[in-house]
Amino acid sequence: MYALLSVSDKTGISDFARELRSLGYKILSTGGTLSLLKKEGIEALDVATYTNSEELFNGRVKTLHPKIHGGILFQRDNEDDCTMAKLKGIEPISLICVNLYPFKATINRTQDFDEIIENIDIGGPSMIRAGAKNFKSVLVVTDSNDYNRVIQALKNNANTLDFRREMMIKAFSHTADYDCMIANYMNKRFYDGLGENVFISAKKVFATRYGENPHQKGAFYEFEDHFTKNLKILKGEASFNNLTDMNAAIKLASSFGDLPAVAIIKHGNPCGFAIKENALESYECALKCDPLSAYGGVVAINAPIDLALANKINETFIEVLVAPCISPEALKVFDSKKRIKIFSLGEGNLLSLPRDNFDFKHIEGGVVYQDNDKVLDAEVNNAQIMGAKTPSKAQMQDLKIAYIIAALTKSNCVSYVKDGMLVAIGMGMTSRIDASRAAITKAKDMGIDLDGCVLASEAFFPFKDSIEMAAEIGVSAIIEPGGSIRDDEVIACANEHNIALLFTHVRHFLH
């Protein structure tokens with residue numbers, strides 16, 4: 001009864017091999033894994049000795065041999081297979097433990113293409129796929145986290161067909177993910193990431209209660225391990241919609257470095273935002289923009305939550321609260337609130353997201369795929385002053401906040417900011433003037449004074465009507481991409497009303 005062990009990640013492999021030996025397995029191994037086992041005093045046989053075929057081409061060929069693949073693949077319940085195996089001296093290999101060359105670590109460490117090529121595993125995926133194909137007879141192990149489960153299954157006669165099927169699915173997922181990583185890297189290196197095929201590979205973090213609606217199934221998957229490492233569920237259960245709103249809220253709140261930004265999101269769009277001296281003041285001001293919409297919303301805070309802030313948040317029904325950390329006494333404040341869901345996601349005292357390099361959206365029958373949109377500091381810092389008036393330092397700070405909010409909000413969008421606080425916002429409208437009307441009307445309903453605020457648009461103003469409307473409420477400065485055929489009219493209108501006007505020349509549609 002043979003087990004073949006050949007791993008790049010050697011975490012726990014010695015203990016695993018020792019347990020297998022105690023269960024009567026003969027160990028076959030290669031290279032570094034073999035050296036480690038022998039150093040640990042664990043009896044193991046070199047694959048080259050077993051096959052009577054030395055490694056070739058500096059290790060490129062070592063397990064690609066009929067005694068290895070035949071031992072894995074022959075069907076134990078097929079009389080002809082068993083006869084041929086006996087005739088050829090092929091012993092059954094009943095367990096495969098393989099993980100693959102560290103391709104991801106290599107491309108993160110170097111751009112040396114020859115070294116990258118050498119870290120593309122060939123024998124490993126071949127053995128994994130062979131073991132997975134013959135799962136009726138072979139147990140295939142690709143994850144060191146499963147070692148204890150495997151040993152317990154072997155000890156307790158629980159190495160069932162269902163268990164081997166579970167390991168088989170995990171094995172094919174492992175090699176599929178590996179191949180996706182290689183193909184995507186090659187496309188990125190040689191085709192700017194947009195090759196003939198694109199592969200989206202993600203690992204399940206947890207199931208959601210349901211999808212966007214109760215009749216839909218849902219789950220959360222991650223590309224790497226950011227959420228597995230950093231996301232902690234402190235209270236409640238995350239739903240599909242919670243996760244998409246949390247993403248929008250964290251993305252916005254974490255866009256201003258280490259400043260104590262607070263973002264309030266409802267149905268994917270901001271209904272409150274502020275940056276003040278501390279998180280408590282930021283939250284109080286963010287809530288003022290639209291407290292009605294904030295009810296049942298998602299709040300992301302780019303700072304730790306202490307007792308005073310928790311008590312303030314507890315005055316309003318918030319469905320989801322996410323921050324880098326929350327003190328035990330602050331968390332206790334929400335004990336009586338059954339419906340609130342609380343999460344920590346951050347590194348240190350700041351919120352964090354992976355910031356993917358690509359973005360995609362499902363359309364019926366496929367996906368549209370692109371580079372991820374990013375707002376660069378230089379867009380605001382180097383924005384071109386188009387009008388006669390130069391904005392003040394304070395206005396520039398507010399313009400940056402308004403601009404980032406607009407860029408991260410559904411088009412058509414306009415955002416109005418005053419003293420570091422979002423005071424009005426219109427989003428998802430079919431025309432920019434309608435977005436402006438909706439924003440101003442809502443602000444008036446809330447009794448918010450807009451005089452002196454700044455205005456940002458994620459795309460150009462096609463007509464001067466939005467500028468005229470801004471002048472009526474006392475907007476002092478505007479930032480937009482520019483690019484309309486009527487830019488001259490827009491600039492003239494801004495000058496007429498003594499409004500500072502800046503063009504970034506970068507559009508940020510979000511559809």
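## Strand 20 and its partners

In strand 20 (residues 454–457), Val-454 and Ala-456 point one way while Leu-455 and Ser-457 point the other way, and all of these residues are buried. The model under discussion is a predicted one. In a regular strand, side chains alternate between the two faces of the sheet.

Strand 20 pairs with strand 18 (residues 414–418) in the antiparallel sense, over four bridges. Within that pairing, Tyr-416 has Leu-455 as its bridge partner. Strand 20 is also joined to strand 21 (residues 477–480), in this case by three bridges and with the two strands running parallel. Here Leu-455 stands opposite Ile-478. Leu-455 thus takes part in both pairings, facing Tyr-416 of strand 18 and Ile-478 of strand 21.

## Thr-504

Thr-504 lies in the segment that follows strand 22 (500–503). Is this residue buried or exposed? Thr-504 counts as buried because its relative accessible area is 9%, and the cut-off for burial is under 20%.

Leaving aside residues up to four places away in sequence, Thr-504 touches Glu-379, Ala-383, Tyr-403, Ile-479, Glu-480 and Pro-481. Strand 21, which covers residues 477–480, therefore contributes Ile-479 and Glu-480 to these contacts, because a strand is a continuous run of residues.

## Strands 6 and 7

Strand 7 (residues 219–222) has two unlike faces: Phe-220 and Glu-222 lie on the covered face, Ala-219 and Tyr-221 on the uncovered one. Its partner is strand 6 (residues 203–207), and the two pair in the antiparallel sense over four bridges. In this pairing Phe-206 stands opposite Phe-220, a residue of the covered face of strand 7.

## The parallel open sheet

An open sheet is formed by five strands in the order 3-2-1-4-5, with parallel pairing. Its edge strands are strand 3 (45–46) and strand 5 (139–141), each of which pairs on one side only.

At the strand 5 edge, three bridges join strand 5 to strand 4 (residues 93–98), and the two run parallel. Leu-95 stands opposite Leu-139 of strand 5. Helix 9 (residues 147–155) packs on the sheet, where it touches both strand 4 and strand 5. The direction of helix 9 makes about 160° with that of strand 5.

## The second largest pocket

The second largest pocket has a volume of about 460 Å³. Its lining comprises 26 residues, of which the closest to the centre are Gly-59, Arg-60, Lys-62, Tyr-101 and Asp-121.

Which helices each supply at least two residues of this lining? They are helix 2 (31–39), helix 7 (113–118) and helix 8 (123–133). By residue class, the lining of the second largest pocket divides into nine nonpolar, twelve polar and five charged residues.

## The cavity

Rolling a probe the size of a water molecule over the atoms shows where empty space is left. In this model the count comes to one cavity of 30 Å³ or more, and the volume of the largest cavity is about 30 Å³.

The largest cavity is lined by Ala-248, Leu-252, Ile-265, Gly-268, Asn-269, Pro-270, Leu-408 and Thr-409. Helix 12 (240–253) and strand 10 (269–275) each supply at least two residues of that lining. The lining of the largest cavity holds five nonpolar residues, three polar and no charged.

Note on methods:
Residues numbered from 1 in each chain as written. Predicted model: local features only at pLDDT ≥ 70, side-chain atom pairs only at ≥ 80, totals over all residues. Heavy atoms only, no water. Pairing = 2+ DSSP bridges. Contact = heavy atoms within 4.5 Å. Axes fitted to C-alpha atoms, helices over the stretch in contact; angles between N-to-C directions. 1 Å grid on protein atoms, 1.4 Å probe; cavity = no way out; pocket = protein on both sides within 12 Å on 5 of 7 lines; lining within 4 Å. Points joined across faces, edges and corners; volume = space filled by probe spheres on them. Nonpolar A, V, L, I, M, F, W, Y, C, P; charged D, E, K, R; others polar. Buried < 20%, exposed > 50% of the residue type's maximum accessible area, 1.4 Å probe, protein only.
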